[in-house]
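The following exercises are to be worked through with the structure in view. Each task is followed by a solution in steps.

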Amino acid sequence: MGYENIIAETTEGGAGLIRLNRPKALNALNGALMKELADALRAFEADDSTGCMVLTGSPKAFAAGADISEMAGLEYPGVYVDDFLSGWEALSACRKPVIAAVSGFALGGGCELAMMCDIIIAARTAKFGQPEIRLGIIPGAGGTQRLARAIGKARAMDMILTGRMMDAGEALQAGLVSRVVEEDALLDEALKAARTIAGFGRAAVLAAKEAVNAGMDMPLSAGLRFERRLFHALFATRDQKEGMAAFLEKRKADFSGG
Ligand code: CAA
């Protein structure tokens with residue numbers, strides 16, 4: 001695929017892999033990169049053989065934030081009228097799961113990008129932060145909202161108001177990431193998880209992601225009702241028949257995606 005700021009490839013077992021690739025700028029997220037990322041995600045979404053995507057950066061940086069050199073000259077009328085950063089929502093609009101494999105800096109928009117993913121797996125070298133306050137702004141791609149939901153108001157306020165970084169151990173303890181692994185095992189761990197997910201029934205995977213995300217925006221009673229409806233709907237799939245038959249017959253399920 002002909003991208004200049006990312007590398008996208010299909011790997012075995014239904015895992016799509018996207019690497020952010022502006023190493024000299026620590027993968028600073030400029031408009032061109034974000035457009036390519038949205039295009040690559042859309043291509044994986046449309047590809048039946050892909051069941052889950054992994055998004056990663058380089059050993060030094062997942063991404064050091066929105067591109068400051070691109071933002072420095074922007075003015076209010078332009079950012080407001082063009083709804084600057086609204087294009088970033090492409091990632092959170094994905095229906096297939098996306099795993100962020102983070103090593104090095106995940107700052108500002110980089111941390112926000114990781115939080116738009118469904119699972120964050122971190123290398124021991126990972127450092128998370130929302131340092132926008134140091135630039136005279138605040139997070140603009142979900143940092144104040146997703147970080148507070150992920151790690152609670154007290155810690156999120158601490159991070160966002162002081163601009164300090166959190167290392168991988170603190171991020172694990174705070175619940176921002178679900179696993180911490182050695183740097184050289186990071187990509188394998190993320191791809192292994194992606195292949196596991198891609199091997200399950202497609203409808204069940206999409207429904208699980210949809211139910212968890214919908215619940216973040218709803219009162220508990222509405223979330224429980226929403227979950228129940230999706231749960232019921234999965235009894236209309238061949239994969240439910242196959243999954244339960246395989247369990248009873250003591251064999252591995254062969255999900256067809258139907
Ligand atoms: N935008 C543009 N360029 C960036 C960048 C960014 N966010 N982060 C790093 N770079 C560039 C540097 O300018 C530098 O380029 P040159 O070699 O051409 O000078 C190169 O990447 C390497 O960076 P450093 O020399 O600074 O590397 P370091 O190891 O000394 O420091 C760092 C690393 C602590 C991550 C530091 O680069 C840094 O603080 N970066 C900015 C982090 C930041 O403020 N992010 C938030 C951006 S605002 C935002 O994201 C808004 C939003 O909500 C979407």
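**Exercise 1.** Determine whether Y80 is buried, partly exposed or exposed in this predicted model, and describe the aromatic pair to which Y80 belongs.

*Solution.* Step 1: the relative accessible area of Y80 is 58%. Residues over 50% count as exposed, so Y80 is exposed. Step 2: Y76 likewise has a relative accessible area of 58% and is exposed. Step 3: the rings of Y76 and Y80 lie 5.6 Å apart, centre to centre, with 15° between their planes. Planes under 30 degrees apart count as stacked, and the pair is therefore classed as stacked. Step 4: both residues belong to helix α3 (residues 76-81), where they are four residues apart, so about one helical turn separates them.

**Exercise 2.** State how many aromatic pairs a search of the whole structure finds, and classify the pair formed by F231 and F235.

*Solution.* Step 1: the search yields two aromatic pairs. Step 2: a pair of aromatic rings is described by the distance of the centres and the angle of the planes. Step 3: for F231 and F235 the centres are 5.3 Å apart and the planes form an angle of 75°. An angle over 60 degrees counts as edge-to-face, and this is the class of the pair F231 and F235. Step 4: F231, at 48% relative accessibility, counts as partly exposed, and F235, at 39%, is also partly exposed.

**Exercise 3.** Identify the residues that come nearest to the ligand and describe the shell around the ligand.

*Solution.* Step 1: the ligand is surrounded by 24 residues, of which K60, I68, G109, E112 and E132 come nearest. Step 2: sorted by class, the shell holds 15 nonpolar, four polar and five charged residues. Step 3: the backbone takes part in several contacts. A polar backbone atom of G109 is 2.7 Å from an oxygen atom of the ligand. For A66, a polar backbone atom is 2.9 Å from a ligand oxygen atom. In I68, a backbone N or O atom lies 2.9 Å from a nitrogen atom of the ligand. Step 4: on its own the ligand has 980 Å² of accessible area, and the protein covers 62% of this area. Step 5: two or more residues of the shell come from each of α2 (68-71), β6 (105-107) and α5 (109-116).

**Exercise 4.** Compare the radius of gyration of the protein chain with the value for a compact globule, and give the overall make-up of the chain.

*Solution.* Step 1: for 258 residues, a compact globule would have a radius of gyration near 18 Å. Step 2: the protein chain has 19 Å, which agrees with that value. Step 3: along the principal axes, the C-alpha atoms fill a box of roughly 60 × 45 × 40 Å. Step 4: the chain contains twelve helices and ten strands, and 43% of its 258 residues are buried.

**Exercise 5.** Locate L85 and K250, and state what is notable about phi in each.

*Solution.* Step 1: most residues other than glycine have a negative phi. Step 2: L85, although not a glycine, has a positive phi of about 85°. This residue is found in the loop between α3 and α4 (89-92) and, at 19% relative accessibility, counts as buried. Step 3: K250 also has a positive phi, near 55°. K250 lies in the segment after α12 (238-248) and is exposed, with a relative accessible area of 77%.

Notes. Residues are numbered from 1 along each chain as its sequence is written. This is a predicted model: local features need pLDDT of at least 70, side-chain atom pairs count only at pLDDT 80 or more; totals for chains, interfaces and linings use all residues. Side-chain values use heavy atoms; hydrogens and water are left out. A residue is near a molecule or strand if one of its heavy atoms lies within 4 Å of it. A polar contact is a pair of N or O atoms within 3.5 Å; within protein, one must be able to donate a hydrogen and the other to accept it, and residues adjacent in sequence count only if both atoms are side-chain atoms. Accessible areas come from the Shrake-Rupley method with a 1.4 Å probe; for residues, only the protein chains shown count as cover. Ala, Val, Leu, Ile, Met, Phe, Trp, Tyr, Cys and Pro count as nonpolar, Asp, Glu, Lys and Arg as charged, and the others, Gly among them, as polar. Rings of Phe, Tyr and Trp (its six-membered ring) pair if their centres lie within 6.5 Å; planes under 30 degrees apart count as stacked, over 60 as edge-to-face and the rest as tilted. Buried means under 20% relative accessible area, exposed over 50%, partly exposed in between (1.4 Å probe, protein chains only). The radius of gyration is taken over C-alpha atoms; the globule rule is 2.2 Å times the number of residues to the power 0.38.
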